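Subject: Structure handover

Hello,

Here is the structure I said I would pass on. My notes on it follow below.

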Amino acid sequence: MRQIKNGTIDFYPGLTFTPARAEFVLFIPNGLPSLDIGLTRIDVEEIKGPEDFAGKILLSTFGSTELIRHQHALVVKRPSELSHSIAINHILAGRADVYVDELSTIAYLLKDNLRKKELKYHLNCCGGLTDLTMGFSRKSIHYSEVENTLYNPEKPLSFDNYPMMLGSNSIAYRFYQSLLLLKANSYTDKLYLQYFGFDVHSIQTYNEDTEEKIKD
């Protein structure tokens with residue numbers, strides 16, 4: 001983060017938006033979907049929202065942001081050193097009930113795991129589908145920015161509601177346009193399926209269906 005901040009690193013390929021980071025990073029969709037999911041043992045009932053964490057031991061990273069699901073959980077365990085592999089082992093061993101992380105991370109780790117049939121994904125527990133963003137350093141020599149005329153100051157800051165946007169004369173802008181082209185040609189979708197074992201469009205359909213059920 002220090003090197004991104006001072007411009008000695010140009011970009012980070014997968015970075016989550018925060019207002020603090022946005023002071024030195026511009027967040028740009030990288031063409032991949034982003035979905036926080038829950039991972040549990042196979043016998044746990046479907047988790048559809050924060051309230052369903054009640055009565056469950058939630059495994060979370062040390063220093064993680066306090067979220068609504070943390071308030072509902074029976075206990076929140078935050079081991080000082082928690083890798084994704086260790087988290088999966090904690091769930092399988094029954095030392096925790098649910099672990100939440102990005103779908104692509106969990107899916108990649110479990111794709112060839114011999115015990116994956118003992119585990120269950122909860123795709124609609126934690127906020128729904130959005131865009132995965134990269135963070136481009138605003139101090140990079142390959143970056144320029146202009147005022148974003150679509151910015152709405154009445155709404156909270158987010159990756160898609162920010163006062164500035166990429167300047168079209170920059171390498172960063174051309175890079176972003178190339179990412180958009182890869183997505184439009186479905187190349188990014190094919191990579192996602194190859195490495196993570198999920199069809200991007202099936203994820204979108206799942207969430208659209210879920211939203212309709214909520215509206216009903």
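The notes start with one residue and its surroundings. L109 sits in helix 4, which spans residues 103-110. With a relative accessibility of 32%, L109 counts as partly exposed. Together with Y108 and Y195, L109 makes a nonpolar surface patch of about 310 Å². Please keep in mind throughout that this is a predicted model.

The three-stranded sheet

One open sheet has three strands in the order 1-8-2, and the pairing is antiparallel. Strand 1 and strand 2 are the edge strands, each with a single partner, so one side of each has no neighbour in the sheet. Strand 1 (residues 11-12) is joined to strand 8 by two bridges, and F11 stands opposite F136 of strand 8. Strand 2 (residues 25-34) pairs with strand 8 over seven bridges. In that pairing, P33 faces D131 of strand 8. Strand 8 itself covers residues 130-137 and is mostly covered, with six of its eight residues buried.

Pairing around strand 3

Strand 3 (36-41) has its own set of partners. Five bridges connect strand 3 with strand 6, and the two run antiparallel; here L39 has Y99 of strand 6 as its bridge partner. Strand 3 also pairs with strand 7 in the antiparallel sense, over four bridges. On that side, G38 is placed opposite H122 of strand 7.

Helix 3

Helix 3 runs over residues 84-93, and its buried residues are A87, I88, H90, I91 and L92. An α-helix has 3.6 residues a turn, so residues three or four places apart point the same way. In this helix, A87 and I91 are both among the buried residues, as are I88 and L92. The cover over the buried residues of helix 3 includes strand 3, strand 4 (57-59), strand 6 (98-102), helix 4 and strand 7 (119-122). Just after the helix comes G94, with a positive phi of about 80°.

The nonpolar cores

Which residues touch the most other members of the largest nonpolar core? They are Y99, L103, L119, Y192 and F198, in a core of 22 residues. Strand 3, helix 3, helix 4, helix 6 (187-196) and helix 7 (200-215) each give two or more residues to this core. A second, separate core has 17 residues, and L15, I28, F136 and L166 are among them. F136 is also the residue in strand 8 that stands opposite F11.

Y192 deserves an entry of its own. Not counting neighbours within four places in sequence, Y192 is in contact with L32, P33, E102, L103, S104, G197, F198, V200 and I203. Of these contacts, L103 and F198 are also listed with Y192 among the core residues that touch the most other members. P33, another of the contacts of Y192, is the residue opposite D131 in the sheet.

Salt bridges

How many salt bridges does a search of the whole structure find? It finds three.

- D97 with R41: the closest N and O atoms are 3.0 Å apart. D97 is in the loop between helix 3 and strand 6, while R41 is in strand 3, so the pair ties together parts that are 56 residues apart in sequence. D97 is buried, at a relative accessible area of 19%; the cut-off for buried is under 20%.
- R115 with E118: the N to O distance is 2.9 Å. R115 is partly exposed, with a relative accessible area of 37%, and E118 is partly exposed as well, at 35%.
- E145 with R138: the N to O distance is 2.8 Å. E145 is partly exposed, with a relative accessible area of 28%, and R138 also counts as partly exposed, at 22%.

One backbone value to check

S186 has a phi near 65°, which is a positive value in a residue other than glycine. S186 is found in the loop between helix 5 (171-184) and helix 6. Its relative accessible area is 30%, and S186 is therefore partly exposed.

Regards

Definitions and conventions
Residues numbered from 1 in each chain as written. Predicted model: local features only at pLDDT ≥ 70, side-chain atom pairs only at ≥ 80, totals over all residues. Heavy atoms only, no water. Buried < 20%, exposed > 50% of the residue type's maximum accessible area, 1.4 Å probe, protein only. Pairing = 2+ DSSP bridges. Patch = residues over 30% accessible without salt bridge, like charges linked within 9 Å, V, L, I, M, F, W, Y side chains within 5 Å. Areas by Shrake-Rupley, 256 points an atom, 1.4 Å probe, with all protein chains shown as cover. Salt bridge = Lys/Arg side-chain N within 4 Å of Asp/Glu carboxyl O. Contact = heavy atoms within 4.5 Å. Core = buried A, V, L, I, M, F, W, Y, C linked by side-chain atoms within 4.5 Å.
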